[in-house]
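Trainee: Please take me through this model by its terms, so that each label is set against its cut-off.

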Amino acid sequence: MVKCPKCGAEISELIAYITNVAEEDVFRVDKNGEVEYEKVDEVYGDIEISYMCPECGAQLFRREEDAKKFLLGEKVEVVEE
C-alpha cells in the first residue's frame, strides 16, 4: 500500500473521476407511471480524468501513467489544486 500525500491514509486504489462522457438513453414511462431508462450509447467529448484519493477525495493526478506509478510505489509529483 501507498500513502496519500494529502491526508496520509494508506490506500491501494484511486478513484478515477471521468468527465465529458455522457450516456445516450431511451426514456420511457409505462402505463403504470414507472420510469425506465435504456442505455443506447455513450457519447464522448474531450475526456478528462482526475485520479483522486478514495479517503479524502483530493485530486492527486491527471495522467494515468502518474497514477499507475504512484500505486506501484514510485515517486511521482502530485498535481497542485
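Mentor: Let us begin with Cys4, which is buried, with a relative accessible area of 3%. This is a predicted model, in which local features need pLDDT of at least 70 and side-chain atom pairs count only at pLDDT 80 or more, while totals for chains, interfaces and linings use all residues. Residues are numbered from 1 along each chain as its sequence is written, and side-chain values use heavy atoms, with hydrogens and water left out.

Trainee: Why is Cys4 called buried?

Mentor: Buried means under 20% relative accessible area, exposed means over 50%, and partly exposed lies in between, with a 1.4 Å probe and protein chains only. The value for Cys4 is 3%, so the residue falls under the 20% limit. Cys53, at 2% relative accessibility, counts as buried by that rule too.

Trainee: How do you know how many disulfides the structure holds?

Mentor: It holds zero disulfides, a disulfide being a pair of cysteine sulfur atoms within 2.5 Å. For Cys4, the nearest cysteine sulfur is that of Cys53, 3.7 Å away, and for Cys53 the nearest is that of Cys4, again at 3.7 Å. Because 3.7 Å is not within 2.5 Å, the pair is not counted, and each of the two cysteines is in no disulfide.

Trainee: What makes up the largest nonpolar core?

Mentor: It has 12 residues in all, among them Val2, Cys4, Tyr51, Cys53, Phe61, Phe70 and Val76. The term stands for a set of buried Ala, Val, Leu, Ile, Met, Phe, Trp, Tyr and Cys residues joined through side-chain atoms within 4.5 Å. Cys4 at 3% and Cys53 at 2% meet the burial condition, and cysteine is on the list of residue types. Strand E5 (59–61) and helix H1 (64–71) are the elements that give two or more residues to this core; such elements are DSSP runs numbered from the N terminus, helices (H or I) having at least four residues and strands (E) at least two.

Trainee: Which residues does Val76 touch, leaving out those up to four places away in sequence?

Mentor: Val76 touches Phe61, Asp66, Lys69 and Phe70, where contact means heavy atoms within 4.5 Å.

Trainee: Why do Asp66 and Arg63 count as a salt bridge?

Mentor: A salt bridge is a side-chain nitrogen of Lys or Arg within 4 Å of a carboxyl oxygen of Asp or Glu. Asp66 and Arg63 meet at 3.9 Å, N to O, so the pair is within the 4 Å limit. Asp66 itself is buried at 17% relative accessibility. The whole structure has four salt bridges, and those that share partners join Arg28, Glu36 and Glu38 into one network.

Trainee: What makes Arg28 and Glu38 a salt bridge, and how far apart are the closest N and O atoms?

Mentor: The closest N and O atoms are 2.7 Å apart, which is within 4 Å, so the pair qualifies. Arg28 lies in strand E3 and Glu38 in strand E4, so the pair ties together parts that are 10 residues apart in sequence. Glu36 also forms a salt bridge with Arg28, at 3.3 Å. Arg28 at 36%, Glu38 at 36% and Glu36 at 40% count as partly exposed, because these values lie between 20% and 50%.

Trainee: Which residues make the nonpolar surface patch?

Mentor: Ile18, Val21, Tyr44 and Ile47 make a patch of about 360 Å², an area from the Shrake-Rupley method with a 1.4 Å probe, with only the protein chains shown counting as cover for residues. Patches are made of residues with over 30% relative accessible area and no salt bridge, like charges being joined within 9 Å and nonpolar side chains (Val, Leu, Ile, Met, Phe, Trp, Tyr) within 5 Å. Ile18, found in strand E3, is partly exposed at 45%, so it passes the 30% condition. Strand E3 (15–29) and strand E4 (35–52) each give two or more residues to the patch.

Trainee: How far apart are the C-alpha atoms of Tyr44 and Asn20?

Mentor: They are separated by 6.2 Å, although the residues are 24 apart along the chain. Tyr44 lies in strand E4 and touches Asn20 and Val21, residues up to four places away in sequence not being counted. Asn20, in strand E3, has a phi near 70°, a positive value in a residue other than glycine. At 42% relative accessible area, Asn20 is partly exposed.
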